[in-house]
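Trainee: I should like to learn how to read strand pairing, aromatic contacts and salt bridges from a set of coordinates. Please begin with the strands.

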Amino acid sequence: QVQLVESGGGLVQPGGSLRLSCAASGTIFRFNSMGWFRQAPGKQRELVARVTTSGTTNYQDSVKGRFTISRDNAKNTVYLQMNNLKPEDTAVYYCNRATDPLDYWGKGTLVTVSS
């Protein structure tokens, strides 16, 4: 059964931090690079960070130095630590396979950065 459950979003002031979590089905997680995506109002969904099965990471330029993606293979969970948040980071955040995402998407978790 496919499962992607994101959590950890919320309202935060500019400069603040949040840590997102995504619990994924083992079948999705175990053999795939995983990614965090986001979709801001009126915009297309975009990939912001990815982590391979061995832990190699890549980031969109706009979040480099502020976001850190990681994974716990024992828990089938991927994390996104977000620091120094900016209003333009406001979006619904989702996780999925980084390459060739599944048609199935979880509900996502809303991150709102506002003073």
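Trainee: In which sense do strand S1 and S3 pair, and over how many bridges?

Mentor: One reads pairing from the bridges between two strands. In this predicted model, strand S1 (residues 4–7) and S3 pair in the antiparallel sense over 4 bridges. Leu 4, for example, has Ala 24 in S3 as its bridge partner.

Trainee: With which strand does S3 pair over 6 bridges?

Mentor: That partner is strand S8 (residues 77–82), and the sense is again antiparallel. Here Leu 18 has Met 82 in S8 as its bridge partner.

Trainee: How many residues of strand S3 are buried?

Mentor: A general idea helps first: in a regular strand, side chains alternate between the two faces of the sheet. In strand S3 (residues 18–24), 5 of the 7 residues are buried, so this strand is largely enclosed by the rest of the structure.

Trainee: Let us turn to the aromatic rings. How many aromatic pairs are there?

Mentor: The count is 2 aromatic pairs. In one of them, the ring centres of Phe 37 and Trp 105 are 5.1 Å apart; the planes stand at 90 degrees, so the pair is edge-to-face, the class for angles over 60. Phe 37 belongs to strand S4 (residues 34–39), whereas Trp 105 belongs to the loop between strand S9 (91–97) and strand S10 (109–113), so the contact ties together parts that are 68 residues apart in sequence.

Trainee: Are Phe 37 and Trp 105 buried or exposed?

Mentor: Phe 37 is buried, with a relative accessible area of 6%. Trp 105 is partly exposed, at 21%, because buried means under 20%.

Trainee: What is the geometry of the pair formed by Tyr 94 and Trp 105?

Mentor: The ring centres of Tyr 94 and Trp 105 are 5.8 Å apart and the planes are at 80 degrees, so this pair is edge-to-face as well. Tyr 94 lies in strand S9 and Trp 105 in the loop between S9 and S10, so the pair ties together parts that are 11 residues apart in sequence. Tyr 94 is buried, with a relative accessible area of 11%. Phe 37, Tyr 94 and Trp 105 form one aromatic cluster.

Trainee: Over which ring does the charged end of Arg 45 sit?

Mentor: The charged end of Arg 45 sits over the ring of Tyr 94, 4.3 Å from its centre. That charged end also sits over the ring of Trp 105, 3.8 Å from its centre.

Trainee: How many salt bridges does the structure hold?

Mentor: In general, side chains of opposite charge can pair when their charged atoms come close. The structure holds 5 salt bridges. Among them is the one between Arg 38 and Glu 46, at 2.9 Å from N to O. Arg 38 is buried, with a relative accessible area of 6%, while Glu 46 is partly exposed at 30%.

Trainee: What separation lies between Asp 89 and Arg 38 in the chain?

Mentor: Asp 89 forms a salt bridge with Arg 38, the closest N and O atoms being 2.9 Å apart. This pair links distant parts of the chain, with Asp 89 in the loop between S8 and S9 and Arg 38 in strand S4, 51 residues apart.

Trainee: With which residue do the side chains of Asp 89 also meet at 2.7 Å?

Mentor: That residue is Arg 66, whose side chain meets that of Asp 89 in a salt bridge. Both Arg 66 and Asp 89 are buried. Through shared partners, salt bridges join Arg 38, Glu 46, Arg 66 and Asp 89 into one network.

Technical notes:
Residues are numbered from 1 along each chain as its sequence is written. This is a predicted model: local features need pLDDT of at least 70, side-chain atom pairs count only at pLDDT 80 or more; totals for chains, interfaces and linings use all residues. Side-chain values use heavy atoms; hydrogens and water are left out. Rings of Phe, Tyr and Trp (its six-membered ring) pair if their centres lie within 6.5 Å; planes under 30 degrees apart count as stacked, over 60 as edge-to-face and the rest as tilted. Helices (H or I, at least four residues) and strands (E, at least two) are DSSP runs, numbered from the N terminus. Buried means under 20% relative accessible area, exposed over 50%, partly exposed in between (1.4 Å probe, protein chains only). A charge sits over a ring if NZ of Lys or CZ of Arg is within 6 Å of the ring centre and within 35 degrees of the ring normal. Two strands pair if DSSP finds at least two bridges between them. A salt bridge is a side-chain nitrogen of Lys or Arg within 4 Å of a carboxyl oxygen of Asp or Glu.
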